[in-house]
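These entries record what I looked up, beginning with enclosed and open space and ending with the aromatic rings.

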Amino acid sequence: VLRETFEAGKRYMEAQDAHAIASRNNPRAVGSAYNGQLEVMADIMRGEILVHCHSYRADEILMLMRVLKDYGVENVTCQHANEAVKVAPELAEFGARASVFSDWWSYKFEVYYSTAYNAAILTRNGVTTSINSDSGELIRHLYHEAAKAQRYGGLSDDESLKLITINPAIQLGISDRVGSIEVGKDGDLVIFDAHPLSVYTTPLMTFVDGVKFFDRNADPDDMRLEIDVTTNPTDEFAGQEASIHN
């Protein structure tokens with residue numbers, strides 16, 4: 001299926017290129033009909049669209065790299081690549097990247113090998129690796145998820161932090177703007193009161209584009225901890241309703 005789609009995209013791209021050449025001498029030259037799907041495939045082969053492929057099994061990851069190689073596509077990130085660890089040298093040789101869960105190995109068969117060692121093994125093999133989550137809760141704790149690669153895989157502070165900073169920025173093609181603290185990049189920063197990989201650490205300040213969005217010391221009282229509810233004393237249900245909303 002992939003090869004058929006790439007082949008159709010290749011023919012579409014070649015027709016576009018031929019029309020561009022013909023148009024130089026003949027403004028009335030008629031090109032091929034527009035096809036949205038094939039337009040995307042052509043842009044992938046031109047390197048204008050990055051490939052992020054939802055992946056699980058090692059054999060499928062190898063298959064994808066072989067197809068991409070045949071069509072000259074180099075920039076690919078294997079997402080959710082739970083078995084990428086089995087083909088880490090092949091990923092590194094191809095220049096492919098991997099984005100994995102920190103663990104979560106027990107909820108279905110395809111993720112059996114998704115252990116807390118995976119990100120570290122991929123990193124040690126030279127694969128640009130990131131840690132992700134499609135959980136609305138865990139995505140808020142990526143520092144803690146990255147810390148698992150240090151605790152179990154023995155990565156250094158810098159190697160662990162790269163899993164959730166510069167490496168995903170590279171995979172998304174935006175490392176010129178975010179992912180590291182450098183002159184000229186967006187001022188997206190968080191200041192902690194201790195080591196960011198520690199579960200005991202508290203964020204103190206947050207900046208987005210250089211603008212302070214959060215300041216723990218200047219922030220008003222946290223309404224989640226201390227709630228000031230005004231009720232009507234004549235309403236016997238007022239207190240109960242306020243309790244429910246809290």
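**Entry 1: enclosed space.** I searched the whole structure, a predicted model, and found 1 cavity of 30 Å³ or more. I noted a volume of about 50 Å³ for the largest cavity. Which residues line the largest cavity? I listed F101, S102, D103, W104, N132, S133, D134, L138 and E145. Sorted by class, this lining has 3 nonpolar, 3 polar and 3 charged residues.

**Entry 2: open space.** I then turned to the largest pocket, which holds about 1,000 Å³ of space. I recorded 31 lining residues for the largest pocket, and Y143, I164, T165, G179 and D188 are the ones that lie nearest its centre. Which elements give two or more residues to the lining of the largest pocket? They are the helices α6, α7 (157-162) and α8 (166-172), together with the strands β5 and β6 (203-208). By class, I entered 20 nonpolar, 4 polar and 7 charged residues for the lining of the largest pocket.

**Entry 3: aromatic pairs.** How many aromatic pairs does the structure hold? I noted 6. I looked up Y112 and Y113, whose rings form an edge-to-face pair with 5.3 Å centre to centre and 85° between the planes. The pair is classed as edge-to-face because its angle of 85° is over the cut-off of 60 degrees. For Y113 I also noted the relative accessibility of 38%, so this residue counts as partly exposed.

**Entry 4: Y143 and F192.** I next examined Y143 and F192, an aromatic pair that is likewise edge-to-face, at 5.1 Å centre to centre and 75° between the planes. Where in the chain do Y143 and F192 lie? I placed Y143 in helix α6 (residues 142-153) and F192 in strand β5 (residues 189-192). The pair thus links distant parts of the chain, 49 residues apart. Is Y143 buried or exposed? Y143 counts as partly exposed because its relative accessibility is 28%, and buried would require under 20%. F192 has a relative accessible area of 22%, so F192 is partly exposed. I cross-referenced Y143 to Entry 2, where Y143 is among the residues nearest the centre of the largest pocket.

**Entry 5: remaining ring contacts.** I recorded one aromatic cluster formed by F101, W104 and Y107. Two of its members, F101 and W104, also appear in the lining of the largest cavity. Lastly, I looked up R151 and found its charged end over the ring of Y152, 5.0 Å from the ring centre.

Note on methods: Residues numbered from 1 in each chain as written. Predicted model: local features only at pLDDT ≥ 70, side-chain atom pairs only at ≥ 80, totals over all residues. Heavy atoms only, no water. Phe/Tyr/Trp six-rings, centres within 6.5 Å; stacked < 30°, edge-to-face > 60°. Buried < 20%, exposed > 50% of the residue type's maximum accessible area, 1.4 Å probe, protein only. Helix = DSSP H or I, 4+ residues; strand = E, 2+ residues; numbered from the N terminus. Lys NZ or Arg CZ within 6 Å of the ring centre and 35° of its normal. 1 Å grid on protein atoms, 1.4 Å probe; cavity = no way out; pocket = protein on both sides within 12 Å on 5 of 7 lines; lining within 4 Å. Points joined across faces, edges and corners; volume = space filled by probe spheres on them. Nonpolar A, V, L, I, M, F, W, Y, C, P; charged D, E, K, R; others polar.
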